[in-house]
Amino acid sequence: MYRSQHLALKYFTAAMVLFGIMVVAGLLGALYYVQDGLLLNKLDFSVVKTLHIDTMIIWLLMGFIGAVYWFMPVEFQRETEGIRLAEIVFWIFCAAVGVVAAVFIFVQYGPANEASLWLINQGRKYVEAPRWAAIGITAVVLVFIYNVVGTAAKARKITGTMGILMVDLIPLFGLYLIAFPAITNMSVDQYWWWWLVHLWVEATWEILIGCIMALALMQLLGTARRIVETWLYIEVALVLGTGILGLGHHYFWIGTPDYWLGIGGFFSALEPLPLLGMVVHAVYDAGAHRMQTTNKPALFWVMAEAFGNFIGGGVFGFMMTLPQINLFTHGTQWTASHGHFAFWGAYSCGIIAVIYLALQKVRAQERLEGRAWKWSFALLQIGMVGMVGALLVAGIAQAFTERAIGGSTLQAYIQGQSHPWFVQGIGMRVVFGVVFAVGYVALMVDLLTIGKRRGSVSRLSPRMAGDPA
Amino acid sequence: MTAAQSLVTSALLGGFVLFAGGYGLLYCLAKLRNSPGIARAAVLAYVCQGVVTVPLILGPLDLAWKILILGSLIVYFAIPQYTWLFLERLHASREPQP
């Protein structure tokens with residue numbers, strides 16, 4: 001294996017550890033809703049929520065970076081340029097994440113001054129990391145860009161997929177710079193902050209995972225490069241065409257001009273269209289190969305990615321994206337329901353699929369099979385669908401009682417929080433959260449053991465396993 | 001839009017896309033298995049999407065959104081068919097002949 005692929009495995013390991021911390025923080029966060037005063041003044045809800053959200057961002061980012069380090073040397077037929085630097089940066093990245101997490105848990109907050117921004121928390125949701133760590137993340141991404149572009153330059157070669165990926169790295173890096181300025185006008189701050197959050201998630205990340213899935217499909221199903229890349233170009237055009245101005249659905253109620261109601265609603269309503277095309281493509285590819293592959297776990301996770309993206313992003317998103325509906329639903333558990341499902345479908349499933357592909361090679365298995373992956377797959381999917389269903393019920397109660405009937409007063413908020421549907425929904429969220437956590441444990445057991453168990457002896461020769469010459 | 005109308009409209013919007021997905025999935029399965037039964041189920045899913053559209057058109061949404069939904073209904077009908085056709089042609093032209 002290339003050193004780049006060894007580095008990818010380290011990134012995957014770190015990503016899975018952070019995935020676990022995210023699950024624990026999520027479960028704890030869910031418990032605050034059913035147990036008043038839980039850990040009050042010791043570990044407040046806001047801290048746990050920050051941990052839950054930030055670990056999600058970081059584990060997905062590490063998963064993306066790991067996937068690129070995995071596929072890149074195969075694409076360019078050479079070792080990644082600057083691999084030594086990349087290896088050093090990985091450890092710095094991990095140490096920084098550990099320090100930031102420790103500060104979040106033990107220091108939590110500080111006075112409203114510059115020192116707190118630099119050392120404790122920048123205070124903006126999703127990008128709370130203190131400024132020193134944010135600069136570190138920027139440096140990590142710069143090194144990553146250097147690795148990708150440098151490798152292509154040294155190889156004097158560029159493939160369609162890697163070309164798109166390289167262009168995508170520019171906004172991936174550039175948009176993150178919006179995390180830095182401290183803007184005091186709330187509307188202006190939110191305006192730019194959504195560029196970072198939305199355009200990362202619904203533009204640059206979508207393209208990144210599209211490239212990664214393209215590379216994965218070539219390895220998983222042996223689909224011809226030209227087919228995969230032609231489809232990738234179309235997908236990129238459609239996702240960007242609908243996703244960029246779909247940004248407007250975050251501008252409905254933050255003090256921006258009302259033309260955003262029309263722009264945001266229109267483009268958001270178009271967003272499910274390319275997702276349906278992706279579902280058709282996934283079914284076509286799987287059907288064309290009669291679901292026959294040497295890596296069933298990866299195939300199932302790829303399928304889950306297509307369907308989860310469509311249902312979580314498309315169906316759950318369309319339910320609440322038109323301004324007349326969104327007036328009541330934004331910022332409720334309904335939004336949390338959509339967010340959980342969309343992130344899970346669009347990104348998490350894809351990264352898990354790539355990890356299974358990598359493991360097949362690492363463990364030199366001609367065929368990756370077993371029973372444990374089916375358990376983890378089922379438990380994680382049931383846990384997620386149960387959680388988002390429960391959050392949806394709670395969110396409906398909130399939107400109906402607190403917003404639409406009560407008019408968002410404090411009294412209406414209390415009524416919404418004590419509505420039986422809300423209480424039951426929040427309770428069921430914990431139950432399915434536990435199911436999800438059990439699924440996570442099963443996934444970890446499977447990832448650690450698949451291909452190592454007795455009977456898994458169909459080893460590939462080093463040449464077949466794709467080792468560098 | 002009243003509180004009750006907002007909930008019903010939201011559910012209908014979710015159903016609208018869900019039936020579109022069901023239609024797309026069943027259309028693909030019918031093609032893969034060459035099954036007239038599944039093809040009929042696909043048509044049924046699309047009809048359900050059309051049925052869901054009626055109360056949305058007659059409901060409290062603004063006219064612009066109603067036009068958008070009606071337009072989407074037509075586009076959703078075409079997506080699986082054209083995507084499938086495109087994929088078939090793409091595979092036929094790119095993959096080496098046996």
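In which helix of chain A does A:L119 lie? In this predicted model, A:L119 belongs to helix α4, and with a relative accessible area of 52% the residue is exposed, because the cut-off for that class is over 50%.

A:L119 is also part of a nonpolar surface patch that it forms with A:V99, A:W118, A:W132 and A:I135, the five residues together offering about 450 Å² of accessible area. Helices α4 (114–119) and α5 (131–155) of chain A each contribute at least two residues to this patch.

Turning to charged side chains, a search of the whole structure finds eight salt bridges over all chains, among them the three listed here.

| Salt bridge | Closest N to O distance |
|---|---|
| A:E87 and A:R84 | 3.6 Å |
| A:D189 and A:R124 | 2.6 Å |
| A:R403 and A:E402 | 3.6 Å |

The pair A:E87 and A:R84 sits within helix α3 (residues 83–107) of chain A, where the two residues are three positions apart, about one turn of the helix. A:E87 is buried at 14% relative accessible area, whereas A:R84 counts as exposed at 54%.

The salt bridge between A:D189 and A:R124 joins helix α7 (residues 186–221) to the loop between α4 and α5 of chain A, and therefore ties together parts that are 65 residues apart in sequence. A:D189 is buried, with 11% relative accessibility, and A:R124 is likewise buried, with 9%.

In the pair formed by A:R403 and A:E402, both residues are buried. Finally, salt bridges with shared partners link A:R3, A:R84 and A:E87 into one network.

Key
Residues numbered from 1 in each chain as written. Chains lettered and ligands numbered in written order. Predicted model: local features only at pLDDT ≥ 70, side-chain atom pairs only at ≥ 80, totals over all residues. Heavy atoms only, no water. Patch = residues over 30% accessible without salt bridge, like charges linked within 9 Å, V, L, I, M, F, W, Y side chains within 5 Å. Areas by Shrake-Rupley, 256 points an atom, 1.4 Å probe, with all protein chains shown as cover. Salt bridge = Lys/Arg side-chain N within 4 Å of Asp/Glu carboxyl O. Helix = DSSP H or I, 4+ residues; strand = E, 2+ residues; numbered from the N terminus. Buried < 20%, exposed > 50% of the residue type's maximum accessible area, 1.4 Å probe, protein only.
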